[in-house]
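Student: I would like to understand the words used for this structure. Can we go through them one by one?

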Amino acid sequence: MLQLPAIPVAPGLAVGEAMVVRDLREGVERQPIDGQQVEAECLRVQDALEHVATELEQDRDRVKVDLGAEAAEIFAFHLGLLRDPALREAILNRIKDNLDDAAHATAESILDLSRRFQALNDPIFREKADDLLDLERRLLRRLGALGEDRIQGIDRPVILIAARLTPAQAAGLDTAFVKALVMETGGRTSHVSIMASALGIPVVAGCRGSTRHVREHSTVVVDGDAGRLLVRPLDDELAQLREMASRRAARIAEALDHAHEPAVTVDGVEISIQGNIELAREVPGLLEVGGDGVGLFRTEYLYLTSSRPPTEEDHLQQYRKALSDLGGRTLTIRTFDLGADKAGLAGPDPEPNPMLGLRSIRYCLRNMQMFRTQLRAILRVAAEGPVRVMFPLIGVHSELRQARMALEDVREELLEEGLPHSRDLPVGMMIEVPSAALMASSFAREVDFFSIGTNDLTQYVLAVDRGNDSVASLYSSAHPAVLRMVKDVASAARHHGIDCSLCGEAASDPCLTMLLLGLGLRTLSLTPSRIPDIRRVVRSVRMADCERVARRVLRLESDRQVLRCLQEELGRAAPDFRAEQGS
């Protein structure tokens, strides 16, 4: 059996027959034309652009009904490109200047634009090339240069393995037949992953080599929890995997039965288990699995799924929907975590290292109009229910103070305009960089709460790019250096009497739960699909044991030692749960 690593996007375990769709981009052979054909070819391009725009609008309206308004906003980027005079002129100029036929001129113009997107040194913005791929396919089909997609005719249960997939294709998948999805490219934050995660099937992305190693009709297993693709399992392995899938289904069903019971340790300590969301439509699903509120609303997705910056009303609509669906539970909104490249506003010379450049709060403070627009919406919705705001990637006190000044300026603006708004909005900050962690005691005097973001904190503490496969093995939130910072931040918050939560991927790992509680955390915010597991672990342990585990772990020297210790301790505290996780 071959095992290929992948990035988990949507949870679940599926066993089935593989359908392999290799690279969807086929080269379009040039068909030279003469001068008399130029006008006709230009008219063909105009017709294709108008036809595809109408087609996209219809798809947008259908997706809005099926998956919600947020998902439908993905098509705004497609429509914006179609209506961009620069793209139209580029295609027409190729026809007029090079005497290219309409199909070849279209393909080459979009390829040029795609290369410009790929050149931007940030994975989120590079993944916009998927949208260009979708436009190319649609235009070429209208021009008669491309046949129908294989995936449109799926009529049997399959596990779809695709080299690349567009958001529109993902939205159109029939889950009566597509039982799981494997994408060779992309990540959790790509447009297609956002769309695919709403389908209710196991999904993994970034599974390199999957279309090369998997044969059509072969048996494969997709593990959306662990992020892996298992290829050609032997009969006994397959039997074990099917049994594992059955046990997981039973465990999830049992956990859901107890999802709304308080997450209280055996010795009576209550823990708040909240959820991380990207879109407002995720709130009902979060509550269904027992979420106590939203600990992290990643608002940058309002920007990444649209061709234009969202207006104040756009923000307000999304926040109101989330707050209404939460039914009195707390909504914690993180101001947008963007860089110039992510926001689609990068100049001709993208930053060589955007993770250390103009991103998050730095970008907010340089783009004050965008920032103020969001702050106005947050203050307004906070007048309607329990809302908190937190600023991302604060590294120095001046950044926090400038952000708070902007908030106060906006508050005065709303007061002058006579618009209802919150006068006592709780203000917090993300602890994501070592400088903030080391100065946590000082920062605690200026905010109402901390939220520890272990994803970036781990990256910066260990000097490891978590998106770089060459050093991925060095990235671990279980490293003792990271854990000591988490402990110090939690201690500083407790000393100053402010709340402290942890909202990185570490909160989603049941193996780390005892340790995080022992380090002093009483609020965890995580991927909603993992909430039942974390609640179950909490109800199985004693706080005294968690604190003992933390003391033991902090004496260790490596993440491997830490994980081995934690697996052993979880096995003692919750043997049934540990057995199921390991099976």
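Tutor: Start with one word. Buried means under 20% relative accessible area, exposed means over 50%, and partly exposed is in between. Keep in mind that this is a predicted model.

Student: Why is Glu300 called buried?

Tutor: Its relative accessible area is 6%. The cut-off for buried is under 20%. So Glu300 counts as buried.

Student: Where is Glu300?

Tutor: Glu300 is in the loop between E10 and helix H13 (301-304).

Student: What makes the link between Glu300 and Arg334 a polar contact?

Tutor: The side chains of Glu300 and Arg334 are joined at 2.6 Å. A polar contact needs N or O atoms within 3.5 Å. The value fits, and the link is a polar contact.

Student: Which residues does Glu300 touch, leaving out those up to four places away in sequence?

Tutor: Glu300 touches Arg334, Phe336, Asp337 and Leu338.

Student: Phe336 is on that list. How do you know that Phe336 is buried?

Tutor: Phe336 has 0% relative accessibility, so it counts as buried.

Student: Now the rings. How many aromatic pairs does a search of the whole structure find?

Tutor: Three aromatic pairs. One of them is formed by Phe297 and Tyr319.

Student: Why is the pair of Phe297 and Tyr319 called edge-to-face?

Tutor: Two values decide. The centres must lie within 6.5 Å, and planes over 60 degrees apart count as edge-to-face. Phe297 and Tyr319 are 5.8 Å apart centre to centre, with 80 degrees between the planes. Both tests are met, and the pair is edge-to-face.

Student: What does the pair tie together?

Tutor: Phe297 lies in strand E10 (residues 294-298) and Tyr319 in helix H14 (residues 312-326). So the pair ties together parts that are 22 residues apart in sequence.

Student: Are Phe297 and Tyr319 buried or exposed?

Tutor: Both are buried.

Student: What makes Phe336 and Tyr363 an edge-to-face pair?

Tutor: Use the same cut-offs: within 6.5 Å and over 60 degrees. For Phe336 and Tyr363 the values are 6.3 Å centre to centre and 70 degrees between the planes. The pair is edge-to-face.

Student: Where do these two rings sit?

Tutor: Phe336 lies in the loop between strand E11 (331-334) and helix H15 (361-366), and Tyr363 lies in helix H15. The pair therefore ties together parts that are 27 residues apart in sequence. Tyr363 is buried, with a relative accessible area of 2%.

Student: How do you know that the charged end of Arg388 sits over the ring of Phe449?

Tutor: The distance from the ring centre is 3.7 Å. The rule asks for CZ of Arg within 6 Å of the centre, and also within 35 degrees of the ring normal. The charged end of Arg388 is reported as sitting over the ring.

Student: Phe449 is in strand E14 (residues 449-452). What makes both faces of E14 covered?

Tutor: Phe449 and Ser451 on one side are buried, and so are Phe450 and Ile452 on the other.

Student: Why are E13 and E14 said to pair?

Tutor: Strands pair if there are at least two bridges between them. Four bridges join strand E13 (residues 427-431) to E14, and the two run parallel. Ile431 stands opposite Ile452 in E14.

Student: What about E14 and strand E15 (residues 499-502)?

Tutor: E14 and E15 pair in the parallel sense, over four bridges. The bridge partner of Phe450 in E15 is Cys500.

Student: How many disulfides are there?

Tutor: Zero. Take Cys500: the nearest cysteine sulfur, that of Cys503, is 9.8 Å away. A disulfide needs sulfur atoms within 2.5 Å. Cys500 is in no disulfide. Its relative accessible area is 11%, so Cys500 is buried.

Student: Why is Leu99 called partly exposed?

Tutor: Leu99 has 30% relative accessibility. Partly exposed lies between the cut-offs of 20% and 50%. So Leu99 counts as partly exposed. Leu99 also has a positive phi of about 55 degrees, although it is not a glycine.

Student: What makes His217 exposed?

Tutor: Exposed means over 50%. His217 has 51% relative accessibility, so it counts as exposed. His217 is in the loop between helix H10 (210-213) and strand E7 (219-223).

Note on methods: Residues numbered from 1 in each chain as written. Heavy atoms only, no water. Phe/Tyr/Trp six-rings, centres within 6.5 Å; stacked < 30°, edge-to-face > 60°. Buried < 20%, exposed > 50% of the residue type's maximum accessible area, 1.4 Å probe, protein only. Polar contact = N/O pair within 3.5 Å; in protein donor to acceptor, adjacent residues only side chain to side chain. Contact = heavy atoms within 4.5 Å.
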